[in-house]
Amino acid sequence: MIRTVQTKDITENIKEMCIEANHFLSRDMCAVIRNAEKKEESPLGKQILEQLEENLSIASEEMIPICQDTGMAVVFLEIGQDVHLEGASLEDAVNEGVRRGYTGGFLRKSVVGDPLIRENTRDNTPAVIHTRIVPGEQVKITVAPKGFGSENMSRVFMLKPAEGIEGVKNAILTAVRDAGPNACPPMVVGVGIGGTFEKCALMAKEALTRETGAHSEIPYVKELEEEMLEKINGLGIGPGGLGGTTTALAVHINTYPTHIAGLPVAVNICCHVNRHVVRVL
Amino acid sequence: MNRHIEAPIDKKEAKSLKAGDYVYITGTIYTARDAAHKRMYDILAEGGELPVDLKGQVIYYMGPSPAREGRVIGSAGPTTASRMDKYTPQLLDLGMGAMIGKGKRSPEVIEAIKRNDAVYFAAVGGAGALLSKCITSSEVVAYEDLGTEAIRKLTVENFPAIVVIDSEGNNLYETAIKEYCRTEENGR
Ligand code: SF4
C-alpha cells in the first residue's frame, strides 16, 4: 500500500520542532543533568549545574531559548519506501519549516550562505538534511539544532587498524580534553567508529540524537561507553570547564563495518544543550 | 570570594580580582563577537576610529537571539572567546578593561591581560535564558547590519561571572581542572 504524505505537513512539523527543541530540553537530557547535579563533587560545579537547571525552567516557562546559539538545524529524515510525497520538493519543504521556525519563533539566525563570503542568510536556512529510505509507510523526522561552540571541537581520526581499541579511547579522550571549557561542558559525546571518512562522522552525529544515557546493544560497545564516560569524568574539566567530576553526561557510540586497511573514528562533541525532537508522521 | 563590581571597570579594581572570584557585574557593558571584531580590526588597520571608546569597557562576547515583543533581549549567553584571540591583544592595548566569554585564551591574550591589568571573566555557557534576566536594557550602537553580531550597549544588574584569568595571568581553567583530575596523564 502506498501512503501519501503532504510535504506541507513536513514543513509545519519542522517549524514546530525547531521552536520546541530550542525551548524545551528533552526529558532524558533534563534527567541526566539533574542526576549530575546531585553527584557533582565540586561546589562551584554544583552551583553551575543548578544554574543550568534554573536556565531550563526559565527557558520553558518564559519562552526564551535555552541558549542564544539556537544552532544550525540538522534534520534526519527516515522515509518509508511505501510513502509517496506530494507537494513542494522535500528539501524545500524542510528548509521552509526551518525558515518559519527560526523567523517566527524568535530564534537566532546563525547561518552564513557561503563559508568564506560569510553573509548571513537571515532565516537560518539551509538546514543540513540527512535522508534515509527505510521499510514501511511512515516518515520519521528528527530535528537536532546544533550549536557550534561544541561542533567546532569535534574531530575525525583516521586510525590504523593496529591502534585498535586503545587508539579509539585515546582519540575520544584527546577530543574531549582539547574541547575543555570551549564546548560548554558537561557534554554529550557522540562517537562513530568504522565505515568511511563521512560515515563515521554521520554516525557520531546520529549518536547524539540517541536517548541520552541509553546504551549500545553490542555488549563490548556498551562497556566502552561506560568506561569512556568514567574516564572523561576523571579528566576534571567539570561544569563550565571550571573543575569538577561532571565533564560528560553520556557517551554514545555507533559502529559500522569498515575496510581492512582502516579504523575511522569520529567524535562529535555536544554541549549540555543537546537538542533533539522526534516526530513520526 | 563573592564580589560586586561595576562596569566600566577601573584598573585598580581589575587588579584586585583573583582567578576563582565569583563576581556580580552591574553597569554598562558592550557586546562584540566575530564579525564586529573583524570590522574593528580592519578599521584600526586603516587608521580609523572605533565606534566605542574602549577605555575600561567590559566587552561581552555574545550575540543574542531576537527579543520577543515587550522584552529587552532574547537568550544572551557567552560565546567561545578563542575566536576573538587574534584581535584581542590590540584591543587590550587600547584600554579595554575586561572581557566576558567562555573557553580558553591564547598565550598572546594572557600576556596582554597581564600587560594591561585586565581581566577575563567566564559566564556560564548555555545559560542564555538565565543570563538574559540580568540585562535591563539593550541598544544597538554600531554595525546594525551585522544582525545578532552588531555591537550592543547593555545595562546589566548583578550579572554573574567568574574570574578565569586575572591580571597576574593565573588561569582558573588550568588550576581547577588539576584539583579534580583523576587520570595519570593529567589535564595537559
Ligand atoms: S556550545 Fe551549546 S551551550 Fe555552548 S553556546 Fe553553543 S549551543 Fe550554547
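I count two residues as in contact when heavy atoms of theirs lie within 4.5 Å. With that settled, here are my entries; the model I am reading is predicted.

**Entry: the domains of chain A**
I looked up the domain assignment of chain A and found domain 1 (3-22 + 66-146) and domain 2 (149-273). Taken over C-alpha atoms, the centres of domain 1 and domain 2 of chain A are 26 Å apart. I then checked how the two touch: nine residues of domain 1 of chain A are in contact with twelve residues of domain 2 of chain A.

**Entry: the ligand**
Next I asked where the ligand lies. I found the ligand between chains A and B. Within chain A, both domain 1 and domain 2 give residues to the shell around the ligand, so the ligand lies between these domains too. The space that the ligand takes is the largest pocket.

I listed the residues around the ligand. From chain A they include C67, Q68, D69, G147, G149, S150, C184, C271, V273 and R275. From chain B, I noted B:K102 and B:G126. Sorted by character, the shell has four nonpolar, five polar and three charged residues.

**Entry: B:Q57**
My last stop was B:Q57, in the loop of chain B between α2 (34-45) and β3 (58-60). Is B:Q57 buried or exposed? Its relative accessibility is 10%, and buried means under 20%, so B:Q57 counts as buried. I also looked for its contacts beyond the neighbours within four places in sequence: B:Q57 touches B:P8, B:T28, B:Y30, B:M96, B:G97 and B:A98.

Conventions: Residues are numbered from 1 along each chain as its sequence is written. Chains are lettered from A and ligands numbered from 1 in the order in which they are written. This is a predicted model: local features need pLDDT of at least 70, side-chain atom pairs count only at pLDDT 80 or more; totals for chains, interfaces and linings use all residues. Side-chain values use heavy atoms; hydrogens and water are left out. Helices (H or I, at least four residues) and strands (E, at least two) are DSSP runs, numbered from the N terminus. Buried means under 20% relative accessible area, exposed over 50%, partly exposed in between (1.4 Å probe, protein chains only). A residue is near a molecule or strand if one of its heavy atoms lies within 4 Å of it. On a 1 Å grid over the protein atoms alone, a cavity is a set of points where a 1.4 Å probe fits but cannot get out, and a pocket is an open set with protein on both sides within 12 Å along at least five of seven lines; lining residues have an atom within 4 Å of a point. A molecule sits in a cavity or pocket if more than half of its atoms lie within 2 Å of its grid points. Ala, Val, Leu, Ile, Met, Phe, Trp, Tyr, Cys and Pro count as nonpolar, Asp, Glu, Lys and Arg as charged, and the others, Gly among them, as polar. Domain bounds come from an automatic or database domain assignment.
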